[in-house]
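Colleague: I am new to this structure and would like a close look at a single part of it. Could you take me through the nonpolar packing in the interior, in one connected account?

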Amino acid sequence: MAASVRHLLKPWTPSLCFARWSRYNPYYLDPDPSKDARVPDSELSPEQKELQELKTVRPIKAALSSDTSSPFNDPLISKFINMMMQDGNKILARGIMTQTLETIKRKQVEKYHRSPAAKRLEIECNPYTIFQKALENCKPIIGLASVQKGGKSYQVPVPLTDNRRRFLAMKWLITECRDNKHRRTHMYEKLSQELLAAFANEGNVVKRKHDLHKMAEANRAYAHYRWW
Amino acid sequence: MSGSVIQEKVAKLLSRQNGKPVLRPIKPLALKNEVASRKLKKGEATCVTEMSLLMACWKQNDFNNTVCSKEVSVFYTCVEKAQNKAKGKQGTQGRLLPKEANTLLKRFPNLSSEI
């Protein structure tokens, strides 16, 4: 009897959760958790001055618990961790990310110490710059969209927004590392290999990007089927 | 003031006193609380020339992005300009968009019956 009554005492949660869109009124501004010193008014451009004024007046959304004011907080890395996360296990995803960055650093430092003095300047040891550069190399420039014309659907080359390009690059990296690895290699190891390869413009992810570009180039005759 | 003048004219058109009525309405002669949506004007594809230049450069240099960086940046600027234009163009030229008019009418409708 206690068990049947207990389910009435649980807080009601809706069975359908809208994970995609936020419930905030668009009037609310995004929070800025960085602790940078305020730039004096003379150095700001008119748009930035307007933005500062808006921040004093308008309501601001609550910051996520993953956005910290620490200098190690990187929005790109946070986005990648969120995309890697499965079933809400942020701890595991973040652990994998830190292990990846550590592995990259170790590999690069080993390479640095092994190489002759002439080549040492070229070797990049900062794992964050390697991550950013590798992601840049994986981003596609043109995408394909399916457009229906006269009963048939064609793959039309289409420019992509920045968010879409970043999403595609991250998605390709993660799927590549999940699918094409030996069952005994860890995720962080495979990720570090792929990131270092992408940094040097090699590897499967960059190949996938080139394949997309080739398809777009092959279908360039259909570019006029777009209406936007 | 002018509302009653219009009502009298409509009543005259509907009446059977002067021979057959001029109007035989199927639906009630009153304005609805919504506006018909306008047909979306089909635009043309933007940035096609930049895209074709970029693809020519790719074909020559085997899809190497570092060599074609100038075409890439030109393409990006064109895309950004097109996006800004598309965002800013919609609600100008003085008239309300059908969607905006419908929202307003929903909030402040013409009352057809007493509540």
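Modeller: A word first on the annotation used here: UniProt positions are given in the numbering used here, feature names are shortened, and annotations may be inferred rather than shown by experiment. With that in mind, and remembering that this is a predicted model, the UniProt record, an unreviewed entry, lists residues 67-220 of chain A as "domain: Small ribosomal subunit protein uS7". Over residues 67-220 the chain is 61% helix and 10% strand, while the end C-alpha atoms lie 42 Å apart.

A good place to begin is helix H3 of chain A, residues 75-84, where A:Leu76, A:Ile77, A:Ser78, A:Phe80, A:Ile81 and A:Met84 are buried. The buried residues of H3(A) pack against four helices of chain A, namely H4 (90-114), H5 (127-138), H6 (162-179) and H7 (187-199).

The wider setting is the largest nonpolar core, which has 33 residues, and those with the most contacts inside it are A:Phe80, A:Met84, A:Met97, A:Phe131, A:Leu191 and A:Leu195. At least two residues of this core come from each of H3, H4, H5, H6, H7 and helix H8 (203-218) of chain A, and H6(A) gives the most, with seven residues.

To follow one member in detail, A:Phe131 touches A:Leu76, A:Ile77, A:Phe80, A:Met97 and A:Leu195, when residues up to four places away in sequence are not counted. Apart from this packing there is a second, separate core of 15 residues, which includes A:Ile141, A:Ile142 and A:Ala216 together with B:Leu54.

Conventions: Residues numbered from 1 in each chain as written. Chains lettered and ligands numbered in written order. Predicted model: local features only at pLDDT ≥ 70, side-chain atom pairs only at ≥ 80, totals over all residues. Heavy atoms only, no water. Buried < 20%, exposed > 50% of the residue type's maximum accessible area, 1.4 Å probe, protein only. Contact = heavy atoms within 4.5 Å. Core = buried A, V, L, I, M, F, W, Y, C linked by side-chain atoms within 4.5 Å.
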